Amino acid sequence: MAGSDKPVDGVAPYGGPAGGWGALRAVALAVKNEMGASARARALLEVNQPEGFDCPGCAWPDPKHTSSFEFCENGAKAVTWEATEKRVDADFFAAHTVSELWDWSDHALEQAGRLVQPLRYDAATDHFVPIAWDEAFDRAGAVLRGLEDPNEAEFYTSGRASNEAAFLYQLFVRAFGTNNFPDCSNMCHEATSVGLPQSIGVGKGTVTLDDFDHADAIFCIGHNPGTNHPRMLGTLREASRRGVPIIVINPMRERGLERFQDPQAPLQMLRNGSTPLALAYHLVKVGGDVALLKGVMKALLARDRAQQAAGGPAVFDHAFIAAHTAGFPELVEDLDRQAWPALEQRSGLSQAAIESIADVYARADRVILCYGMGITQHRHGTEAVQQMANLLLLRGNIGREGAGICPLRGHSNVQGDRTVGITEIPAEPFLARLDAHFGITSPRAHGHNAVEAVAAMHAGRAKAFIALGGNFAAAMSDPQTTFAAFRELDLNVQICTKLNRTCLLTARESIILPCLGRTESDVQAAGAQLITVEDSMSMVHASRGFLKPVSDQLRSEPAIIAGLAKAAVPAAPIDWDALVGDYDRIRAAIEAVFPDFADFNARIRVKGGFRLRVGASTRAWDTPDGKAHFLVYPSTQEDPDIADDQLTLATIRSHDQYNTTIYGLNDRYRGVTGRRDVVFANAEDLAAHGLAHGDQVDLVAGDRVLAGQTILAHPISRGSLAAYYPEANCLLPLADVDGRSGTPSYKSIPVRLRRSTVGVAG
Ligand SMILES: Nc1nc2c(c(=O)[nH]1)N[C@H]1C(S)=C(S)[C@@H](COP(=O)(O)OP(=O)(O)OC[C@H]3O[C@@H](n4cnc5c(=O)[nH]c(N)nc54)[C@H](O)[C@@H]3O)O[C@H]1N2
Ligand SMILES: Nc1nc2c(c(=O)[nH]1)N[C@H]1C(S)=C(S)[C@@H](COP(=O)(O)OP(=O)(O)OC[C@H]3O[C@@H](n4cnc5c(=O)[nH]c(N)nc54)[C@H](O)[C@@H]3O)O[C@H]1N2
Ligand SMILES: [Mo]
C-alpha cells in the first residue's frame, strides 16, 4: 500500500491466518502473566463444559457436542483476567489516592488486580477505605431512601450479570419504584431489540448453531469474529469447507474473516495449513450498509421482474411474501425510487460489486445473515437492521432450516438480562405478573435508557447511580458530559470485580462492592449455587464456578443486590434472604413471571440447557397483525451528507481488549504492537489530505479533539477511518444517536483530519 513503506514504531503488516500459533502464544502469555503457575490456570479447561462455567467472553453458543473442549484465545484472556492472582487490597488503596489512580490508564487500573473488600471513598484523604458490608448497604440505602423521587436513581446493568442476578435486580429496582434501567444493550444491540420486533415480531436472532450446517450462503456484515467471537471461526471454517460462500461486508479487512487456522488442530498447524473464509470481501464505506442493502434488493427486484416477464422462475418467494408478510408494495416503491449513482456513492461500492452480492444471495436456497456493531452503532442502526430483515424476507429466508438472521450479541448474558426484565420500557403483561407474584406495585412510567440517564444526571434530575457490573462512564459516548455528570451525584455504587474509571468518578457517597466472578464457587445457605445465562441463539444453560474466591469477603451479585434492597426498600414484602439462600427459588420466581421458563429448575439441569421460544424461527410472527413486515424509511435519502472535507470514523475493538477492559496493547491481526494511539485510514485519503503513513494527526469533530494520533495506511474503504474505543469516545456528543433506538452512533462520527503539533519535536 502506498506510503506504508516508511517504518512506524510497533506497526508491521500481519501475514498469518487468524488463530494459529499466535493464538496459542497469547493464551500461554495470559496464563503466565495473570496466574503464574497456579492451579487456577486449570480454570481454562472448564470453560463451556457441561459441568463448568460459561465463558465470560462472548455470547456465541457452545457447539452441540458440549463435551468437546472449546476455548479460544480471547475467552482465555477473559478467564485469566478474572481468575488472576493479583489483588487490590487495603494496602493498595492506602498507597494510592484517587487523584493519582485517575491518571492511570484503563489497562493499568484493571491490571492491578481483583477487588477484595467493600470500599468507601473518603473525600478528606482522597482514598478509598475498607468498610463492612452492612455499613456499605446502610450508606447506599440511606441516600436512596432520602431521594425525593425514586426516578432520581439510575440502575445500570452490564450484560455479564446472570439471569438470577438480573431478575433479582429488576425486582429490587421496581419495588424501589423506577424503570430507570440504562443497560449496556442501549449501547450495543438496541437497534436489534427495537428493529427486529417491528420486522419479525422478536428482538432476537432466529437461527441456531445447527442452521449453519444447512446454510447455502453466509453473509457477515459489520462484525469481527476473529477478535470478538473467535469460536465462530470454527463454524465458518466448517461452512467454508462445505463450499458455502461466505460474503463479508466490512469497511476494514479483518484477518479473522479471511483465513483461519484452528489453534486446537495441531496437525493443520504443523502442516502450516489454514482455511480461507471469505469468498468475497466488500469494503463498504462506514455507514454505507443501508445503501448497499437497498442496492442488493434493487438488483434482485430487477431480476425478479425480468424473470417474471420471461416466464422464468421468480427470484422472490412470492408465495411466502403473500402468505406471511405486509409492506411488500411499499418496499418495491422505495427500491424503485433509489438511483444507482446515489447508492454507489453512499455505499462506496460499484453497481457491479453490489450485483455480485445479489448473485450469491439469489443463487443460495438458504441464507444466514450475521451482523454486529458495524450495523447497529450508527445514526441509522435500526433502519440497517430492518433492511437486513427485508432482504431475508424477500426469499423466505427466515423461519426455515439453514436460513435466518443472526445478530452477534456482545456480553455473554446481555440477551438473558433483557429476557428476565432489564428494560426501561417494560410491557404491561410482564409487570402485572411480577406484581401479582410478589405483591408489589411496579411503576408503569417508562424509565431512562443509557443516554437519557446521563442527560438526567447532567441536568441534576438524577442523583444516584448504581451499577450491576460494567464500566458505564468509560463505555458511554461523550465522556466530557458523562464524567461531569457523575461528579455531581449524591451516590455512585459500583458492583464489580475490578477497579475501573467509573469507580473513580467519586460522588458525595461512593461505594465499591466487590463481587464473585463467574469462575468462582458461589456457596449460599442451601449450598453451592449455579447460575444461568442465555446465549446469542436463545439457548439457556447453567454455569457453575469452582475456583476458590480470591477473597472470603466477596459476595455474589444476588447477595449484594439483596443487601441493597433490604437497605433501600425495607418495607417490600419480599423475602430476599430466602431467594438468595437458594437460587432455585429465584428461578422458580422467574418461571412464575415468564411462562417461557416453564420447568426452569429441571430443564436447566439437563446437559446443554434449553432453547427459549423464538416465534419467528417457526414463522409465528409475534407482531400486532401476525405478519412479518417489510419496513422502509424513505427519509434516509434526504439526510445531510458528510461534508467534503470530513471522513467517517468508526470506533472499534482491538484484539487485546474486552470493551473497556484493556488486556494489552497489541492488535495482532491489524499489525499493531504495544500501542493504541493509531488511526486507520485509506492510503488514497491520506494522499488527498497531504498526509503520509506514520504522520501525527488530530481528529477533530466540532470542538472535540483527539490529539496526537499516528495515522496508518490500512486496507479500509475510502472516506472511512477507524480508531479504538474507549479512547475515541471523546469525539462523540451525547446527542448523536440512532433516533429510533437511542444507540450512540459510535461508528459514524464525522471528523476532520489535521496535522498534529502534539508530541512533534522541534
Ligand atoms: N475479545 C472480545 N470479545 C468481545 C468483545 C470485546 O471487546 N473483546 N466485546 C463484546 C461485545 S459487548 C460486543 S457488542 C461484541 C462486538 O463485536 P463486533 O460487532 O465484532 O464489534 P466491533 O469491534 O466494535 O466492530 C465490528 C466490525 O464492524 C466493522 N464496521 C465498522 N463500521 C462499519 C460499517 O459502517 N459497516 C459495516 N458493515 N461494518 C462496519 C469494523 O470494521 C469491525 O470489523 O463482541 C463481544 N465480544
Ligand atoms: N466508542 C465506542 N463505545 C462503545 C462501544 C463501541 O464499539 N465504541 N461499544 C459499546 C458496547 S457494544 C458495550 S456492550 C458497552 C460495554 O459497556 P460495559 O458493559 O459497561 O463495559 P465493560 O468494559 O464490559 O465492563 C468492564 C467492567 O466490568 C466489571 N466486571 C467484570 N466482570 C464482572 C462480573 O462478573 N460482575 C460484575 N458485577 N462486574 C464485572 C469489571 O469491574 C470491569 O471493569 O460499551 C459500549 N461503548
Ligand atoms: Mo456490546
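Colleague: What makes the pair formed by I249 and a nitrogen atom of ligand 1 a polar contact?

Modeller: This is a predicted model, and the distance is computed from it. A backbone N or O atom of I249 lies 3.1 Å from a nitrogen atom of ligand 1. The cut-off for a pair of N or O atoms is 3.5 Å, so the pair of I249 and ligand 1 counts as a polar contact.

Colleague: Which atoms of E254 and N659 do the same for an oxygen atom of ligand 1?

Modeller: For E254, an N or O atom in the side chain is 2.5 Å from an oxygen atom of ligand 1. For N659, a backbone N or O atom lies 2.7 Å from an oxygen atom of the ligand. Both distances are within 3.5 Å, so both pairs are polar contacts.

Colleague: How much of the accessible area of ligand 1 does the protein cover?

Modeller: On its own, ligand 1 has 910 Å² of accessible area, and the protein covers 98% of that.

Colleague: Which elements give two or more residues to the shell around ligand 1?

Modeller: They are the helices α9 (225-228) and α17 (373-376), together with the strands β24 (647-652) and β25 (657-658). The shell has 32 residues, and the closest are E254, G287, D289, R653 and Q657. By class, 12 residues are nonpolar, 16 are polar and four are charged.

Colleague: How do you know that R653, Y725 and N729 make polar contacts with ligand 2?

Modeller: Take the three distances in turn. A polar side-chain atom of R653 lies 3.1 Å from an oxygen atom of ligand 2. In Y725, a side-chain N or O atom is 2.7 Å from an oxygen atom of ligand 2. In N729, a side-chain N or O atom is 2.5 Å from a nitrogen atom of the ligand. Each value is within 3.5 Å, so each pair counts as a polar contact.

Colleague: What part of ligand 2 does the protein bury?

Modeller: The protein buries 96% of the 930 Å² that ligand 2 exposes when taken alone. The ligand is surrounded by 32 residues, of which E110, Y156, E557, T660 and N729 are the closest. Their shell divides into 13 nonpolar, 13 polar and six charged residues. Helix α22 (472-475) and strand β16 (491-496) each supply at least two residues of the shell.

Colleague: Where is P726, and what kind of peptide bond joins P726 to Y725?

Modeller: P726 lies in the loop between β30 (720-724) and β31 (749-755). The bond joining Y725 and P726 is a cis peptide bond, with omega about 5 degrees.

Colleague: Are α1 and α2 called roughly parallel or roughly antiparallel, and why?

Modeller: The axes of α1 (residues 20-35) and α2 (residues 73-82) come within 9 Å and cross at roughly 0 degrees. That angle is under 35 degrees, so α1 is roughly parallel to α2. The residues of α1 that meet α2 are A23, A26, V27, A30, V31, E34 and M35, and their partners in α2 are E73, A76, K77, T80 and W81. By class, this contact has eight nonpolar, one polar and three charged residues.

Colleague: Why are α15 and α16 called roughly perpendicular?

Modeller: Here the axes of helix α15 (residues 340-347) and helix α16 (residues 351-363) cross at roughly 85 degrees and come within 9 Å. The angle falls in the range 65 to 115, so α15 is roughly perpendicular to α16. W340, E344 and S347 of α15 make the contact with Q351, I354 and E355 of α16. These residues divide into two nonpolar, two polar and two charged.

Colleague: What sets D599 apart in its backbone, and where does D599 lie?

Modeller: Its phi is near 60 degrees, a positive value in a residue other than glycine. D599 lies in the loop between α26 (583-593) and α27 (600-603).

Note on methods: Residues numbered from 1 in each chain as written. Chains lettered and ligands numbered in written order. Predicted model: local features only at pLDDT ≥ 70, side-chain atom pairs only at ≥ 80, totals over all residues. Heavy atoms only, no water. Axes fitted to C-alpha atoms, helices over the stretch in contact; angles between N-to-C directions. Helix = DSSP H or I, 4+ residues; strand = E, 2+ residues; numbered from the N terminus. Parallel < 35°, antiparallel > 145°, perpendicular 65-115°, else oblique. Contact = heavy atoms within 4.5 Å. Nonpolar A, V, L, I, M, F, W, Y, C, P; charged D, E, K, R; others polar. Near = heavy atom within 4 Å. Polar contact = N/O pair within 3.5 Å; in protein donor to acceptor, adjacent residues only side chain to side chain. Areas by Shrake-Rupley, 256 points an atom, 1.4 Å probe, with all protein chains shown as cover.
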